[in-house]
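Reader: I've just pulled this one up and I'd like to talk it through with somebody. Can we go over it bit by bit?

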Amino acid sequence: MQHENFQRAVLGWFDQYGRTHLPWQKERTPYRVWISEIMLQQTQVGTVIPYFERFLARFPDVESLAESSFDEVIALWAGLGYYARARNLHRAARIIVERHRGQLPTSLEELSALPGIGRSTAGAILSLGSGIRAPILDGNVKRVLCRHRGIEGWPGNPRILEKLWELSEALTPSIRVADYNQAMMDLGATVCTKRNPGCSTCPVGRDCEAFRSGRIDAIPATKPRRTLPVKRCFMLALTNGHGAFYLEKRQNVGVWGGLWSLPEFDCEEDVYAWCGKQHIDCSNLERLPQRRHTFSHYHLDFVPLVVRTGSDHCQIGEPSLGSWLIPNETIGLPAPILKLLTEIAD
Ligand code: SF4
């Protein structure tokens, strides 16, 4: 299929079946596209919608985001996961205000230089937000292109990635670029799905190489497997018996950076020693079954240890680090910790 025919087929399909009512498609601006694209990384559309709406209600523009504290940002992000995205968003907003007078840059180079904005996200912001011709290559687009052209191998491989960028660049039209890029993302998300793609209704199925050769299940190849390492720790769920838990604010770096969480220890003895130092009676310590939370790069196996102090006024360590808080969605807790504390409190 000639490039023009491919574009025509994709755009024709979009006119009939493309998604046009997602919240970030209304009043489309580079800022709204940016927030949605960051939230949509590794996260399903249905999950993102309520987060996007809450986030935009609180931070309607770059200035409001840049002026806010990171605590406010992370509280609205809690539960979405991949918290580095929120940190980068906040840092980038400040840079945009300081160096770009509050306007998202309109060049690929300047956009890609901002924290958390890769080449595909920059392409989406430019094309969807400003109608500037720029290719994109997110997971959905990679899948469509790999299958249509019969490209074997893992798309994350640098050699294959380069080939896909060249292809995406060549196929991206000069007119209706926003619709075309949106169409390619929608096509991957709704027709050329990972499993059971709807090839019979696909606008580019006529000359799809994977379909023709019966290799749909094999293309694109999955990432070469690697065994995730396991980290282990004990978490102290210290509660005052009135619904509050002793929580510590984590450093702004690493996993769960900037969120509130439970004090962590390498071994159970350290928990007893810590409680002893704070004059906390832990003779009623209750050991709950081990839980696992999987991050992209390791498994965290943690054993929750519950201690009920019955005291409201137990001041522990530096007040700037720890606080007695009632767990809920608004304070910025990692989802597995909120779930655990809700169960303990019930
Ligand atoms: S024909 Fe099937 S495999 Fe090929 S691009 Fe369309 S949906 Fe994907």
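Author: Sure, and keep in mind that this is a predicted model. A handy place to begin is residues 39–190, a span that is 68% helix and 0% strand. The C-alpha atoms at its two ends lie 19 Å apart.

Reader: Which feature does UniProt place at residues 39–190?

Author: The record here is an unreviewed UniProt entry. For residues 39–190 that entry gives the feature "domain: HhH-GPD".

Reader: OK, and how far apart are the centres of domain 1 and domain 2?

Author: The domain assignment puts domain 1 at 3–212 and domain 2 at 230–345. Taking the centres over C-alpha atoms, the separation is 37 Å.

Reader: How many residues does each domain bring to the contact?

Author: Contact here goes by heavy atoms within 4.5 Å. On that basis domain 1 puts in 9 residues and domain 2 puts in 16 residues.

Reader: What area is buried between domain 1 and domain 2, and which three residues of domain 1 supply 50% of its share?

Author: The buried area comes to about 810 Å², with carbon and sulfur atoms giving 53% of it. On the domain 1 side, no other three residues supply more than the trio behind that 50%: Ala75, Tyr83 and Arg87.

Reader: Which residues form the salt bridge across the interface of domain 1 and domain 2?

Author: The rule asks for a side-chain nitrogen of Lys or Arg within 4 Å of a carboxyl oxygen of Asp or Glu. Across this interface it finds 1 such bridge, while the overall count is 15 salt bridges. With the closest N and O atoms 2.7 Å apart, the pair is Lys249 and Asp71.

Reader: How many residues apart are Asp71 and Lys249 in the chain?

Author: Asp71 sits in helix 5, whereas Lys249 belongs to strand 2 (residues 245–249). The pair links distant parts of the chain, 178 residues apart.

Reader: Which helix gives the most to the side of domain 1 that touches domain 2?

Author: By class, that side has 6 nonpolar, 1 polar and 2 charged residues. The top contributor, with 4 residues, covers residues 70–77: helix 5.

Reader: Any backbone oddities? Where is Tyr82, and what is its phi?

Author: Most residues other than glycine have a negative phi. Tyr82, in the loop between helix 5 and helix 6 (84–100), isn't a glycine, yet its phi is positive, about 45°.

Reader: And the peptide bond that joins Ile219 and Pro220: cis or trans?

Author: Pro220 is in the loop between helix 12 (209–212) and strand 1 (230–239). Most peptide bonds are trans. With omega at about -5°, the one joining Ile219 and Pro220 is cis.

Methods. Residues are numbered from 1 along each chain as its sequence is written. This is a predicted model: local features need pLDDT of at least 70, side-chain atom pairs count only at pLDDT 80 or more; totals for chains, interfaces and linings use all residues. Side-chain values use heavy atoms; hydrogens and water are left out. Domain bounds come from an automatic or database domain assignment. Buried area is the accessible area (1.4 Å probe) that two parts lose on being put together, summed over both. Ala, Val, Leu, Ile, Met, Phe, Trp, Tyr, Cys and Pro count as nonpolar, Asp, Glu, Lys and Arg as charged, and the others, Gly among them, as polar. UniProt positions are given in the numbering used here, feature names are shortened, and annotations may be inferred rather than shown by experiment.
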